[in-house]
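Trainee: I keep bumping into labels like "buried" and "edge-to-face". Could we go through this one together and check where such words come from?

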Amino acid sequence: MERMRAHALKYDAFFLSSTVSSLERQEGGVFVATLVTERLAARTILLATGVVDREPRLPDLEGAIRRRLIRHCGICDGYEAIGQKVGVLGQGSSGLNEAFFLKTYTSDITLLSLGAKLGLSEEEQRNAAASGIKVVEEPIGAVAIEEGRVRALVLQGGARHSFDTLYSALGSDARSGLARNAGAKIDHDGCVVTDEHQHTSVEGLFAAGDVVCGLDQISVAVGQGAIAATAIHNYLRGAQPRSTMWRRSIEVPS
């Protein structure tokens, strides 16, 4: 990261660590982003605000994630669970689809709904049973972690289920609020809609990464970033001179 930062600084890139509370496109096509202490104006914006995972309510969740006892991406590391006992925390079709995906790596899969109704169709229930996917709808009362392993999930009724790895498949929420405020089209999942050049429905506003509907992978986000950067360059060639591409406005009174 430091090497990339140093490289960007050679080309007069400006770094600012802050929180953007709103984004508006004003008359004349200029975007104004409101930060904590100031506002920034720019001809184009690239949003890469990502998503927020919906986390299960389990004790010491952050510690379990750091120790890789709870994972979020079967595409990324499902192969590391080959032959293991895997629990999938999820509900509905999305939770079941994650369980089916992980069946590629292990035959021992349990889908846990954390006390919620799974909401599966009769066909989905039959497919799960035929594939040997066990289903548990009872709430989890406690988690026992021993020797770097999820030794057991203790259900409220007292039953214990042991696993080597847990995958959270509770979904995520796209951080698309800024795009929505700017008037961009948002799909039914809350993701920003773009064309093949990462251009949103608002002229001059681009988006890339997990906030855009698609495969949530770093490699995909990097590719979308390259596409967006090229499109922005071409877009700005027909815009204002370089000196007016962006500017820092007056400070916002506290």
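**Where the labels come from**

Mentor: Sure! Keep in mind that this is a predicted model. Let's begin with Thr44: leaving aside its neighbours within four places in sequence, Thr44 is in contact with Phe31, Gly204, Phe206, Ile232, Tyr235 and Leu236. Thr44 is found in the loop between strand S3 (38–42) and strand S4 (45–47).

Trainee: Why is Thr44 called buried?

Mentor: Buried means under 20% relative accessible area. Thr44 has 14%, so Thr44 is buried.

Trainee: What about Phe206 and Tyr235, buried or partly exposed?

Mentor: Phe206 has a relative accessible area of 1%, so that one is buried. Tyr235 has 24%, and partly exposed covers what lies between 20% and 50%, so Tyr235 is partly exposed.

Trainee: What makes Phe206 and Tyr235 an aromatic pair?

Mentor: Rings pair if their centres lie within 6.5 Å. Here the centres are 6.3 Å apart, so the two rings pair. The structure holds two aromatic pairs.

Trainee: And why is this pair edge-to-face?

Mentor: Look at the planes: over 60 degrees counts as edge-to-face. The planes of Phe206 and Tyr235 are at 75 degrees, so the label fits. The pair also links distant parts of the chain, with Phe206 in strand S15 and Tyr235 in helix H7 (residues 218–237), 29 residues apart.

Trainee: How do you know that Arg5 lies over the face of Phe15?

Mentor: Part of the test is distance: CZ of Arg has to be within 6 Å of the ring centre. Arg5 is at 4.2 Å from the ring centre of Phe15, so the distance part is met. The angle to the ring normal has to be within 35 degrees as well, and Arg5 is listed as lying over the face.

Trainee: Which residues touch the most other members of the largest nonpolar core?

Mentor: Of its 21 residues, those are Leu23, Ile45, Leu47 and Leu205. Strand S2 (31–34), S3, S4, helix H6 (177–181) and strand S15 (205–207) each supply at least two residues of this core. A second, separate core of 14 residues includes Ala81, Ala99, Ile133 and Ala169.

Trainee: What does Leu205 touch?

Mentor: Not counting residues up to four places away in sequence, its contacts include Leu23, Phe31, Ile45 and Leu47, along with Ala179 and His199.

Trainee: And how much of the whole protein chain counts as buried?

Mentor: 39% of the 254 residues. The secondary structure of that chain comes to seven helices and 16 strands.

Note on methods
Residues numbered from 1 in each chain as written. Predicted model: local features only at pLDDT ≥ 70, side-chain atom pairs only at ≥ 80, totals over all residues. Heavy atoms only, no water. Helix = DSSP H or I, 4+ residues; strand = E, 2+ residues; numbered from the N terminus. Buried < 20%, exposed > 50% of the residue type's maximum accessible area, 1.4 Å probe, protein only. Contact = heavy atoms within 4.5 Å. Core = buried A, V, L, I, M, F, W, Y, C linked by side-chain atoms within 4.5 Å. Phe/Tyr/Trp six-rings, centres within 6.5 Å; stacked < 30°, edge-to-face > 60°.
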